[in-house]
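Thanks for sharing this one. Here are a few friendly notes to read alongside the model, starting at the surface and then moving inward.

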Amino acid sequence: MIDTERTVATVLDGWKAAIDNHEPEKVASFFTHDALFQGFRPTYSIGRRGVADYYASQPLGLSADYRILETRQLSDDVIVGYQTVDFGFTDRPTLPVHLTVILRNMAGTWLISHYHVSRID
């Protein structure tokens, strides 16, 4: 049995570190080549290039602090995770969001294949 919370945390720890260090290509490395990515702008993209471009456009000093709320194993090679994330900025208030990720096991490596954020109002 897979420890789904630990698996999601491992992926998100790497994602967070790359965001905190403003390494957009490294952020993208945690996604599948065909990942569906829905941030706040643009509306969405497909693949690592869109993820890297999205995070390259974010301001220096962006940080991400997450808390896993739920995880579920959907099949042997698919896990869904539901989190809150506080995106911190140096020049404006923190932006709290809900984040849903779907992870796929690709040749022994868990990667994000679907990423969807929504504002917490």
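1. Let me begin with a surface feature. L36, Y44 and I46 together make up a nonpolar patch, and their joint accessible area is about 310 Å². Please keep in mind that this is a predicted model.

2. One member of that patch deserves a closer look. L36 sits in strand β1, which covers residues 31-38. With a relative accessible area of 30%, L36 is partly exposed, because that class lies between the 20% limit for buried and the 50% limit for exposed.

3. L36 also turns up in the surroundings of S113. If neighbours within four places in sequence are left aside, S113 is in contact with T32, A35, L36, I102 and R104. S113 itself belongs to strand β6, residues 109-119.

4. Is S113 buried or exposed? Its relative accessibility is 12%, so S113 counts as buried; the cut-off for that label is under 20%.

5. Now to another part of the chain. V27 lies in helix α2, which spans residues 24-28. V27 has a relative accessibility of 1% and therefore counts as buried.

6. Which residues are in contact with V27, leaving aside its neighbours within four places in sequence? They are W15, A18, I19, V51 and Y55. In addition, the C-alpha atoms of V27 and A52 are separated by 6.7 Å, although these two residues are 25 residues apart along the chain.

Definitions and conventions: Residues numbered from 1 in each chain as written. Predicted model: local features only at pLDDT ≥ 70, side-chain atom pairs only at ≥ 80, totals over all residues. Heavy atoms only, no water. Helix = DSSP H or I, 4+ residues; strand = E, 2+ residues; numbered from the N terminus. Buried < 20%, exposed > 50% of the residue type's maximum accessible area, 1.4 Å probe, protein only. Contact = heavy atoms within 4.5 Å. Patch = residues over 30% accessible without salt bridge, like charges linked within 9 Å, V, L, I, M, F, W, Y side chains within 5 Å. Areas by Shrake-Rupley, 256 points an atom, 1.4 Å probe, with all protein chains shown as cover. Salt bridge = Lys/Arg side-chain N within 4 Å of Asp/Glu carboxyl O.
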